[in-house]
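Here is a brisk report on selected elements of one model. It covers strands, helices and a few single residues.

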Amino acid sequence: MKRKWWHDKVAYQIYPKSFLDSDGDGVGDLRGIISKLDYLKDLGVDIIWLSPIYQSPFVDQGYDISDYYKIAEEFGTMEEFDELLAEAKKRDMYILMDLVVNHCSDKHEWFQKALADPEGKYAQYFHFVKGRDGKEPSNYRSYFGGSAWEKVPGTDKYYLHMFAKEQPDLNWENPGLRAEIYKMMNWWLDKGLAGFRIDAIINIKKDLSFPSFEPDGPDGLASCVKMVEEVQGVGEYFEDMKKHTYGKYDAFTVAEVFNMKKDELAQFIGDDGHFSSMFDFSAHELMQGGHGWYDSRPLVFKEWRDVIFASQKETWGIGLKANIIENHDEPRGASRFLPEYAHNETGAKMLATTFLFLYGIPFIYQGQEIGMTNCRRGDIFEYDDISTKDQYREALQAGCTREQALECCYENSRDNARTPMQWSSEKNAGFTSGTPWLAVNPDYKKINVAEQERRKDSVLSYYKKLIALKKSPQFKEVLTYGKFIPEYEDSDSIFAYHRISEESGQNILVAANYGESTCEIPLECSSARVLLSNIGKEKEIENSIPEKGKISLESCQAAVLLLEK
């Protein structure tokens with residue numbers, strides 16, 4: 001595998017609207033991000049991914065872009081963005097922007113011109129398709145529920161929107177449209193961007209015959225995913241995009257990819273792959289229900305661990321995936337992946353340990369480093385997210401009570417990750433001096449940065465230790481390129497794996513006990529040294545030597561060990 005500058009980096013996702021508000025309007029902004037660069041540098045972050053900050057009506061929180069060349073005034077100005085780039089560079093940090101090019105906003109100039117002339121040039125930038133028998137061209141259900149087709153006013157045509165109706169899909173078959181997108185991407189790269197996180201990119205290839213499929217729900221519709229899974233040739237678009245844009249730069253690209261076909265991993269993230277990396281969603285996909293949040297699968301530890309192990313083994317020798325516990329589209333990992341008895345700081349540290357040393361590039365989501373949790377709401381009107389509202393309706397229609405539907409939202413809502421960052425115990429968690437756009441999680445007085453910065457045993461302090469260990473000159477090689485080998489797979493409570501480097505000869509064992517009682521595991525080595533653990537005083541842990549031939553892990557204890565032959 002060719003070595004790249006991003007392989008040994010730690011990334012951090014910022015959801016700008018909820019990160020830090022500098023002007024009191026209740027919305028996070030670029031000035032707030034700039035003010036916290038030193039915080040991120042101290043944490044150990046190298047790469048910062050910004051969720052969309054482009055001009056937008058915010059129907060889908062900025063993933064509906066109305067002007068790719070402008071910063072939304074809610075976030076600040078282009079001058080402030082340039083300042084962010086410059087300040088990040090001073091700190092040897094890199095900035096990624098979100099690239100949203102499967103669709104745009106219905107307020108975008110292109111779509112407005114298309115509506116004004118449904119037979120003209122700009123109509124070809126979208127999928128304007130004649131209806132069939134007086135109905136929609138096909139029976140696709142959008143990701144947010146309801147038909148994926150919307151009538152083009154004054155015509156017999158419909159336009160495709162795989163997401164909200166305010167997010168019309170772009171027609172990648174059109175070379176003129178592709179040229180516009182490539183021009184825009186290069187404009188941002190020339191500004192000094194390090195690369196892009198690429199949104200929903202697998203969806204850009206459409207079957208232009210738009211066949212209907214067997215309905216998979218009582219609404220008579222079929223998920224638009226079905227068409228995505230069956231269509232061929234999306235890789236040609238990726239290669240064309242790479243050739244004309246980021247392939248000309250030493251840029252880092254991480255793709256949001258679902259529904260990839262079997263045996264395509266090397267084409268996506270191999271040495272000459274379409275992208276530098278792609279997110280590992282294996283754990284998140286495992287818990288998805290067949291119809292919606294109301295029938296999502298409960299966490300079964302062994303299944304969760306084994307699906308992560310399978311993804312790790314699949315990736316070895318091909319490339320590096322981007323590993324996540326949570327992101328802006330997922331609930332909080334501390335609430336989702338830990339058993340009830342581990343819903344505490346010890347559990348959050350354990351989860352962080354098992355996550356950070358996996359083979360791949362770790363992406364930390366804002367607030368993850370302090371153990372932020374899901375936020376319970378008493379009414380659906382307290383939620384902002386368009387997908388949450390749709391899933392609430394789906395649950396009610398499926399026969400759930402109001403209380404059950406709200407519980408589904410508590411467990412799965414995207415708003416769980418979008419509550420404002422908890423900086424302090426002051427009003428509104430120190431996020432804003434005004435009224436926050438989304439109510440803060442009431443637990444902010446207990447879980448916040450200021451309180452954790454004062455404690456050496458906090459989740460935040462522990463994340464700093466984990467990242468420092470990962471980047472340490474002594475262990476960087478093995479923890480970046482070392483082979484991933486799972487261990488103790490027969491256990492129902494142990495999450496453990498080796499990272500072994502042929503180059504350095506080192507063997508690191510990461511082991512965590514997700515069970516409720518103490519567990520003893522054997523060590524097949526002559527001696528071992530504990531490099532880090534989430535339980536015990538630091539001086540007692542550092543360089544301690546477990547009893548020869550075995551180590552005992554308390555409930556929710558994680559340990560990182562250097563094994564000697």
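Strand β17 spans residues 494–500, and six of its seven residues are buried, so the strand is largely enclosed by the rest of the structure. The model is predicted.

β17 has strand partners in β16 and β18. Strand β16, residues 483–487, pairs with β17 in the antiparallel sense over five bridges. Strand β18, residues 507–513, also pairs with β17 in the antiparallel sense, over seven bridges. Ala 496 of β17 figures in both pairings. Its bridge partner in β16 is Glu 487. Its bridge partner in β18 is Ala 511.

Both connections are hairpins with six residues between the strands. In the hairpin of β16 and β17, Tyr 488 takes a positive phi near 55°. In the hairpin of β17 and β18, Gly 505 takes a positive phi near 75°.

The table sets out four strand pairs.

| Strand pair | Sense | Bridges | Bridge partners |
|---|---|---|---|
| β16 and β17 | antiparallel | five bridges | Glu 487 and Ala 496 |
| β17 and β18 | antiparallel | seven bridges | Ala 496 and Ala 511 |
| β5 and β10 | parallel | four bridges | Leu 96 and Gly 195 |
| β6 and β9 | antiparallel | three bridges | Lys 130 and Lys 157 |

**The eight-stranded sheet**

In what order do the eight strands of the open sheet run? The order is β13-β12-β10-β5-β2-β1-β15-β14, and the pairing is parallel. The edges are taken by β13 (277–278) and β14 (322–324). Each has a single partner strand, so one side of each is left without a neighbour in the sheet.

Within this sheet, β5 pairs with strand β10, residues 195–198, in the parallel sense over four bridges. Leu 96 has Gly 195 as its bridge partner in β10. Helix α3, residues 78–90, packs on the sheet and touches β2 (47–50) and β5. The direction of α3 makes about 140° with that of β5.

Met 78 belongs to α3. Is this residue buried or exposed? Met 78 has a relative accessible area of 16% and is buried, because the cut-off for buried is under 20%. Beyond residues up to four places away in sequence, Met 78 touches Tyr 69, Lys 70, Ile 71, Trp 187, Trp 188 and Lys 191. Tyr 54 is 24 residues from Met 78 in sequence, and the two lie 9.9 Å apart in space, C-alpha to C-alpha.

**Helix α7 and its packing**

Helix α7 covers residues 234–244, and its buried residues are Val 234, Tyr 237, Phe 238 and Met 241. These cover an arc of only 100° around the axis, which puts them on the same side of α7. An α-helix has 3.6 residues a turn, so residues three or four places apart point the same way. On the other side of α7, Glu 236 and Lys 243 are exposed.

What do the buried residues of α7 pack against? They pack against β5 (94–99), α5 (175–191) and α8 (265–269).

The axes of α5 and α7 come within 10 Å and cross at roughly 45°. That angle makes α5 oblique to α7. The crossing of the two helices is right-handed. From α5, Arg 178, Tyr 182, Met 185 and Asn 186 take part in the contact. They meet Tyr 237, Asp 240, Met 241 and His 244 in α7. Tyr 237 and Met 241 are also among the buried residues of α7.

**The three-stranded sheet**

A further open sheet has three strands in the order β6-β9-β8, with antiparallel pairing. Its edge strands are β6 (128–130) and β8 (149–151), and each pairs on one side only. Neighbouring strands of this sheet are turned by 40° against each other on average, direction ignored. Three bridges join β6 to strand β9, residues 157–160, and the two run antiparallel. Lys 130 stands opposite Lys 157 in β9.

**A buried glutamine**

Gln 312 sits in helix α10, residues 301–315. At 2% relative accessibility, Gln 312 counts as buried. Which residues does Gln 312 contact, leaving aside its neighbours within four places in sequence? They are Asn 323, Leu 358, Tyr 359 and Phe 484. Two of these fall in strands discussed above. Asn 323 lies in the range of β14 (322–324), and Phe 484 lies in that of β16 (residues 483–487).

Terms used: Residues are numbered from 1 along each chain as its sequence is written. This is a predicted model: local features need pLDDT of at least 70, side-chain atom pairs count only at pLDDT 80 or more; totals for chains, interfaces and linings use all residues. Side-chain values use heavy atoms; hydrogens and water are left out. Buried means under 20% relative accessible area, exposed over 50%, partly exposed in between (1.4 Å probe, protein chains only). The arc is that of the directions from the helix axis to the C-beta atoms. Contact means heavy atoms within 4.5 Å. Two strands pair if DSSP finds at least two bridges between them. Axes are lines fitted to C-alpha atoms, for helices over the stretch in contact, and angles run from 0 to 180 degrees between N-to-C directions. Angles under 35 degrees count as roughly parallel, over 145 as roughly antiparallel, 65 to 115 as roughly perpendicular and the rest as oblique. A crossing is left-handed if the near helix is turned anticlockwise from the far one by less than a right angle, and right-handed if clockwise.
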